[in-house]
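Got your viewer ready? Load the model, switch to sticks for the side chains, and follow along.

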Amino acid sequence: MIIILKTGINQSDPEYQSLVNYLAAKPDVEIRSHQEHGTQETITELYLIGDTSSLDAEEIAGEPAVERVVRVSDRYRILGRHRGQVEPTGFRYNGLYFGQDTFHLFAGLCAVDNRTNTERMMAALQGEGLEATRMGAYKPRTSPYDFQGHGPDCLPYVFELAGKYGIRVVTMEVTQPRHIEEIQDNLERAGSPTGVMLQVGTRNAQNFELLKEVGSQTRFPVLYKRGFGITLEESLNACEYIAAGGNRNIIFCLRGVKSHMGAPHRNLVDFAHVPVVKRLTRMPVCVDPSHSVGSRERSPDGLLEIQHVAAQGLIAGANMVLADFHPDPERALVDGPQALQLEELPYFRQDLDIVREAYLRRCRLAEEMPRP
Ligand code: PEP
Ligand code: MN
């Protein structure tokens, strides 16, 4: 059961105390308070854990501090959009706000190869006024003989350069708990000039120990990439693991699923699931057109297939686009064939802006549409 409090109610208010006293008298019910920070206001939600079956929702709703009471099903208990739950949700991290109604482009290197290319990438982002990037330091590779990422060796210059070029958030994959510590240590040593979002890659989509680990810390938000060979429901449950550990700052990323039916794309594009994830849960949704398409093929209309697919995600309401770029794709150590070049960044960005604007117009039109 979730109790949504009236806006402006604080823990020191007598109305709050009255509610807590009422609940404290109930056996086997634990209260966990959580604040949802929207763009306009902050909402306090009380999660009642334990045996809530005997609680009287109407009686609770009658308490002066209470706006509404929502009974939750077992499905996606924390992240789910339960019946009647319409509150805006999201989180602020290092000056950027992420929610189901915002949009951010995270363009960057699939894998950090050297300082020069990292700096060229960061400078290009700053030139476009972008404040977020992706930078792979730990790379899970299909072959053990392929480049595995520079790991902690590149973190000092990645963080230093991010600070220099005004990048507020770097999303970076981690494949084991030690990586989180390495990131934290290096970030602190660099004077925390930027923020980090921990990426859980598709290959670790059901690595429950890793999920618990990223969930038990709240310093860094998490970008969870849908498992390429499991159902959407299984992936959403994996996110629930992260949330159950205490970290609700999660973005869900669609990146295509493995299927020969997807050929000639690297993965079968699953961006039709953007509105589905937004309906089932309250997480912001990201799409990754680079790992879905996997090549720089251009369609006869002049647009790259990566652009077409990114647009498909965005027109469906995606809140974030994760895209591979490289200053010299032919020499990239990972995923060069799908990387866009730095000169293409302004056009890629403008193209996304056009689609985002069209999406917002669609939402305004939908508001006027009759709902028989
Ligand atoms: C990546 O984003 O670099 C990556 C490896 O993606 P995925 O886990 O979706 O394959
Ligand atoms: Mn990649």
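## Rings first, then helices

There are 5 aromatic pairs in this structure, which is a predicted model. For one of them, select F325 and F348: the two rings sit edge-to-face, 5.7 Å centre to centre, with 70° between the planes. Now colour by secondary structure. F325 is in the loop between β14 (320-324) and α11 (345-368), while F348 belongs to helix α11, so this pair ties together parts that are 23 residues apart in sequence.

Turn on a surface next. Are these two rings buried or exposed? F325 has a relative accessible area of 1%, and because buried means under 20%, F325 is buried. F348 counts as buried too, at 2% relative accessibility.

Keep α11 on screen and add helix α10, residues 305-315. How do the two helices cross? Their axes come within 9 Å and cross at roughly 30°. Angles under 35 degrees count as roughly parallel, and α10 and α11 are therefore roughly parallel to each other. Their crossing is right-handed.

To see what fills the contact, show side chains on both helices. From α10, pick I306, Q307, A310, A311, L314 and I315. They meet a set in α11 that includes Y347, L352, V355, Y359 and R362. F348, the ring from the edge-to-face pair, is also among the α11 residues that meet α10.

Two more stops. Select F91, F98 and F106, which form one aromatic cluster. Then go to F228: K258 lies over the face of its ring, at 4.8 Å from the ring centre.

Terms used. Residues are numbered from 1 along each chain as its sequence is written. Chains are lettered from A and ligands numbered from 1 in the order in which they are written. This is a predicted model: local features need pLDDT of at least 70, side-chain atom pairs count only at pLDDT 80 or more; totals for chains, interfaces and linings use all residues. Side-chain values use heavy atoms; hydrogens and water are left out. Rings of Phe, Tyr and Trp (its six-membered ring) pair if their centres lie within 6.5 Å; planes under 30 degrees apart count as stacked, over 60 as edge-to-face and the rest as tilted. Helices (H or I, at least four residues) and strands (E, at least two) are DSSP runs, numbered from the N terminus. Buried means under 20% relative accessible area, exposed over 50%, partly exposed in between (1.4 Å probe, protein chains only). A charge sits over a ring if NZ of Lys or CZ of Arg is within 6 Å of the ring centre and within 35 degrees of the ring normal. Axes are lines fitted to C-alpha atoms, for helices over the stretch in contact, and angles run from 0 to 180 degrees between N-to-C directions. Angles under 35 degrees count as roughly parallel, over 145 as roughly antiparallel, 65 to 115 as roughly perpendicular and the rest as oblique. A crossing is left-handed if the near helix is turned anticlockwise from the far one by less than a right angle, and right-handed if clockwise. Contact means heavy atoms within 4.5 Å.
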